[in-house]
Every structure is written in structure tokens, then in C-alpha cells.
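Please look through the structure shown here, beginning with one pair of residues and moving outward from there to the place where two chains touch.

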Amino acid sequence: MEYAPGEGGVIKAYYNTAAHTGMFSKTIRVKTNSVKNKDITLILKGKVFAELEVKNNTIFFYDLVPGKTKVFNIEVKNQMGKPLEIKNVKMIFPYNASNFFSLKVKPVKGSNGKEFIRFELKPLTNVYQFSNSSLTVKVKTNSKQVPVLTFYLRLKIKKPVTINPTALFLYTNTGGKTAPGIIELDTELDKELKIVSVQCKNCPLKFKVIDISPKSKQILVEPDYTKGKKGKIFAGIIKLVVDVGGKKEFSVPVRGRLY
Amino acid sequence: MRKLFLFFAGLLFAFNSFAKGPQIKFEKTIVDVGTVPIHTKVVGEFKFKNVGDEKLIIFMVKPG
């Protein structure tokens with residue numbers, strides 16, 4: 001653009017305040033053939049305000065236990081001049097989240113006059129089939145300016161039993177005998193892990209439970225030469241019945257050879 | 001010799017101050033829009049004038 005001597009003009013700068021609340025400062029660079037101030041930096045600044053401002057929209061729901069409700073409060077700055085109401089709550093991602101979680105969201109007032117949005121998340125018993133680690137939740141409010149608040153719920157569900165390894169191979173020959181194997185069992189729940197029974201049909205094996213801690217056990221799997229002759233190749237499934245606030249059965253495939 | 005040098009230096013300075021060339025002058029380079037609601041489009045207007053004596057060309061206006 002060219003301007004004759006004495007002529008003026010306007011540079012208009014546009015900024016969309018959709019993204020964030022709080023202070024903003026945007027710079028605009030202007031290059032001219034002016035003798036003085038060839039490169040000028042213009043600044044557009046201000047403060048974005050919203051009727052409803054949440055301190056944090058990512059919530060960490062760690063150590064979730066199926067069947068147990070976990071509560072998390074998020075502080076909300078209400079400048080509507082009326083109490084906050086929650087009209088509707090929807091878990092929008094993943095689409096099948098409601099099959100695995102029950103979620104209640106309600107506004108609550110703190111003792112210091114501050115307002116909060118309370119999230120009550122309860123994983124259902126089938127939650128271990130849930131493959132995602134986060135939920136996206138949309139909360140409809142009575143605010144005209146901010147009708148929908150979006151929250152991201154990060155999840156970590158405690159595993160009742162972890163078995164390592166998931167399959168056992170006993171092919172190591174140590175001093176003319178089959179080397180024993182170890183199966184480790186741990187729980188992330190705040191309960192004691194008990195091993196009710198260990199069985200393997202048609203396997204020349206014997207089992208010994210080693211108590212590491214109330215939440216951790218080991219099973220020593222040794223060859224049993226009374227059940228099979230040397231040179232026997234075997235394959236089977238070790239059935240483990242574990243009690244962690246309820247009995248559960250697990251299977252560990254096993255293969256090996258009696259040396 | 002020194003006086004002659006100062007005379008020419010002064011002459012050069014005077015010539016430069018008369019011959020301005022293109023010069024841009026903004027009313028203000030910082031626009032504070034104050035408090036604005038969320039989900040709105042804010043407009044900042046930066047008025048300027050060519051106060052020089054030659055044609056002013058704006059090559060580029062770019063968000064920084």
C-alpha cells in the first residue's frame with residue numbers, strides 16, 4: 001500500500017478470544033520504507049473474561065477401583081450473578097464410555113464461598129474391558145456465554161491381579177534336571193492377595209507358594225519326576241484360583257520337558 | 001580547517017533535517033481493548049499518517 005505525504009490510514013488487527021481467558025498480548029509487525037522506524041511492532045492487548053471460568057479442565061482419576069466412587073472437585077469462578085446449574089452431562093469420547101463408567105456431576109459450594117464442580121466417577125465391574133485411558137466429558141451449564149464446559153478425565157484403573165509371565169516354558173536343563181520356573185502374582189488393590197489353589201492336569205509339575213508380601217506372591221513351578229519319566233515332553237494349563245476380595249481363576253499355559 | 005569542517009557538518013545536518021523522506025507516525029502503537037468477553041472478535045485500530053515528504057510504502061503487515 002502507498003500513501004502520499006500527509007495521507008493517513010488504519011491498520012486493523014483482529015483477535016478471536018475463543019481459546020483462553022485471562023490476559024492476552026498480540027504483536028503485529030509492520031515493515032515500511034519510512035526513514036525512521038522502518039520496522040514497527042504494534043501491540044494489541046486486553047483481558048478476556050468469561051462468566052464461568054474453570055481452573056483446570058484436565059482431571060486425574062488415578063487408582064480407580066471397580067465399584068468404588070472417586071470424587072474430584074474443580075474450582076469454578078462464577079461471574080454470572082446467579083448460582084451455577086448443571087443441565088446435562090455427557091461422556092462424548094469414547095462413545096461406549098457409559099458402558100464402563102457411571103458419572104455424576106454437580107455444583108457444590110465450599111466453606112470459603114468458592115464454587116466447585118464435583119465429579120463422581122465410578123468404574124463399573126466390567127471396566128477392565130475399557131481400552132482407553134481418558135474420557136472427554138461435556139457439561140451443559142445455565143450460562144448463556146459459556147453453555148458448555150469440556151473436561152478431560154485421565155484414568156488409571158488399579159489391576160486386581162497381575163500375572164508374570166503369562167506363559168511358562170520349562171526347557172532349561174540344569175545339571176541333568178529341568179530348571180524350575182516362577183510365576184509372580186501381584187495386586188494393585190489395597191487388599192491381601194491369597195492363592196487358593198494351583199493345579200495343572202497331566203503336567204509332571206509340583207507347585208510351591210512363596211509369600212513375598214500380603215500383596216505379592218510367587219509360585220515356584222518344579223518338575224515332579226514321580227508324575228513323569230525323564231524325556232517326557234509335556235504341555236498343559238496351570239489353573240490358578242486367586243482371592244483378592246473375591247475369588248478369580250486365571251490360566252497360565254505351560255510347556256516343557258523332563259530332563 | 002577545523003572551523004570549515006564544522007561549517008560543512010552543520011550544513012549537512014541542516015540539509016538532512018529539511019529533507020525528511022517518507023515517515024510513518026502512529027497515533028499509538030499499543031491498543032488496550034480492556035476486558036472483553038470470551039468467544040468474541042476483538043478489533044484493534046492503529047491509525048497512522050505519512051508525516052514525511054515522500055511517498056510511504058507499507059511492505060508488510062504480519063502478526064508477530
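In this predicted model, a good place to begin is I182(A), whose bridge partner in β20(A) is L220(A). This pair belongs to a wider match between two strands of chain A, since strand β17 (residues 181–186) and strand β20 (residues 216–223) run antiparallel and are joined by six bridges.

These two strands are in turn part of an open sheet of four strands in chain A, which has the order β13-β17-β20-β19 and antiparallel pairing. At the edges of this sheet stand β13 (162–164) and β19 (205–213) of chain A, and because each has a single partner strand, one side of each is left without a neighbour in the sheet. On average, and with direction ignored, neighbouring strands of this sheet are turned by 20° against each other.

Strands of a sheet pair through backbone hydrogen bonds, and they may do so either parallel or antiparallel.

A parallel case is found between the chains, where six bridges join β4(A) to strand β2 (residues 30–37) of chain B. Within this region, K47(A) stands opposite T35(B) in β2(B).

The meeting of the two chains as a whole involves 44 residues of chain A in contact with 41 residues of chain B. On the side of chain A that touches chain B, β1 (2–3), β2 (8–16), β3 (22–32) and β4 (39–49) of chain A each supply at least two residues, and the largest share, ten residues, comes from β4(A). Sorted by class, that side of chain A has 21 nonpolar, 14 polar and nine charged residues.

Methods. Residues are numbered from 1 along each chain as its sequence is written. Chains are lettered from A and ligands numbered from 1 in the order in which they are written. This is a predicted model: local features need pLDDT of at least 70, side-chain atom pairs count only at pLDDT 80 or more; totals for chains, interfaces and linings use all residues. Two residues are in contact if their C-beta atoms, placed from the backbone, lie within 7 Å. Ala, Val, Leu, Ile, Met, Phe, Trp, Tyr, Cys and Pro count as nonpolar, Asp, Glu, Lys and Arg as charged, and the others, Gly among them, as polar. Two strands pair if DSSP finds at least two bridges between them. Axes are lines fitted to C-alpha atoms, for helices over the stretch in contact, and angles run from 0 to 180 degrees between N-to-C directions.
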